[in-house]
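Biologist: I've got the model open in front of me and would like to go through it with you. Could we take it piece by piece?

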Amino acid sequence: MSEEKRVYPKEFLEYVQSITNKRAKVVIDHILAHGFITTEDLEKTYGYNHPPRAARDVREAGIPLETFKIKSKDGKSIAAYKFGDLASLQTNRVAGRIMFSKDFKHSLFIACGGRCQVCNGLFEERYLQVDHRVPYEVGGDVTDREPEHFMLLCGSCNRAKSWSCEHCDNWKTEKIPPVCMQCYWGSPENYNHIAMEQVRRLDLQWNGDEIKYYDALKVIADHNKIELPEFIKQLIADRTKRK
């Protein structure tokens with residue numbers, strides 16, 4: 001049966017119609033109408049400059065999507081997407097993520113002492129988000145729910161990770177999970193690169209009584225017309241040289 005004439009189960013149609021993500025909905029509606037959607041459609045018809053991101057939104061909503069090659073209007077080989085095996089549909093997702101039990105999240109919260117595992121800031125449990133150490137786009141979804149595959153991040157760090165990962169070559173082409181686990185965003189406690197670049201990073205957060213030290217550092221940096229991060233790096237370098 002051709003994709004154009006494919007008949008979809010009622011449960012599948014009800015689920016896809018409940019998706020509210022704009023990019024995902026564009027892909028879903030186009031495939032329902034035409035059987036597939038191409039990267040050319042996404043770029044020229046819908047104005048998406050990064051078609052794989054739109055396809056990713058569909059996959060992260062739990063909807064199986066297959067990628068195949070097709071000829072563009074000018075004869076070039078381009079990617080196209082169609083629905084995959086509907087038996088692998090996952091409807092237990094919220095905002096593109098598999099739902100985690102409260103007990104699972106709480107166990108991670110206890111293990112990390114209530115701290116975001118990137119910035120080390122202290123947060124109430126409700127402000128921390130369960131994060132895959134290896135992004136879904138690279139390693140797929142982890143089904144065994146072993147704690148070592150996950151960590152808790154604050155919203156700000158989670159957004160920063162998403163931006164960095166989406167600009168990484170391992171995310172876009174290589175898709176090698178061990179590379180992610182050697183990255184700052186996969187193992188902030190022990191890493192050797194950030195998005196495949198030789199960079200080192202230190203995220204600091206001042207809480208409670210510590211804030212007075214931050215304010216004092218900022219006053220000195222402003223007085224010397226130095227950006228605060230650069231001023232702190234100079235302090236650390238001077239201290240290291242003295243040792």
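**Salt bridges, sheet and domains**

Modeller: Sure, and bear in mind that this is a predicted model. Let's start in helix α4, where R53 and D57 are four residues apart and so about one helical turn from each other. Those two form a salt bridge, with the closest N and O atoms 3.5 Å apart.

Biologist: Which residues does the network of salt bridges with shared partners join?

Modeller: R53 is partly exposed, at 23% relative accessible area. Its bridge to D57 belongs to one network, built from salt bridges that share partners. The residues joined are R23, R53, R56, D57 and E166.

Biologist: How far apart in sequence are the parts that D57 and R23 tie together?

Modeller: The side chains of D57 and R23 meet in a salt bridge at 2.6 Å, N to O. D57 sits in helix α4 (residues 51–60) and R23 in helix α2, so the pair links parts of the chain separated in sequence by 34 residues.

Biologist: And is D57 buried or exposed?

Modeller: Its partner R23 counts as partly exposed, at 27% relative accessibility. For D57 the relative accessible area is 8%. The cut-off for buried is under 20%, so D57 comes out as buried.

Biologist: What about E14 and K10: which helix holds that pair?

Modeller: Their side chains meet in a salt bridge at 4.0 Å, N to O. E14 is partly exposed at 47%, while K10 is exposed at 59%. They are four residues apart, about one helical turn, in helix α1.

Biologist: On to the sheet. Which strands stand at its edges?

Modeller: Three strands make an open, antiparallel sheet in the order β1-β3-β2. Two of them have a single partner strand each, so one side of each has no neighbour in the sheet. Those edge strands are β1 (37–38) and β2 (65–71).

Biologist: Which residue stands opposite L65?

Modeller: β2 pairs with β3 (residues 77–83) in the antiparallel sense, over seven bridges. L65 faces a residue in β3, and that residue is F83.

Biologist: At what angle does helix α2 run to β3?

Modeller: Helix α2 covers residues 22–34 and lies across β1, β2 and β3. Relative to β3, α2 runs at about 85°.

Biologist: Last one: how far apart are the C-alpha centres of domain 1 and domain 3?

Modeller: The chain is divided into domain 1 (10–88), domain 2 (102–182) and domain 3 (209–242). Between the C-alpha centres of domain 1 and domain 3, the distance is 49 Å.

Technical notes:
Residues are numbered from 1 along each chain as its sequence is written. This is a predicted model: local features need pLDDT of at least 70, side-chain atom pairs count only at pLDDT 80 or more; totals for chains, interfaces and linings use all residues. Side-chain values use heavy atoms; hydrogens and water are left out. Two strands pair if DSSP finds at least two bridges between them. Helices (H or I, at least four residues) and strands (E, at least two) are DSSP runs, numbered from the N terminus. Contact means heavy atoms within 4.5 Å. Axes are lines fitted to C-alpha atoms, for helices over the stretch in contact, and angles run from 0 to 180 degrees between N-to-C directions. Domain bounds come from an automatic or database domain assignment. Buried means under 20% relative accessible area, exposed over 50%, partly exposed in between (1.4 Å probe, protein chains only).
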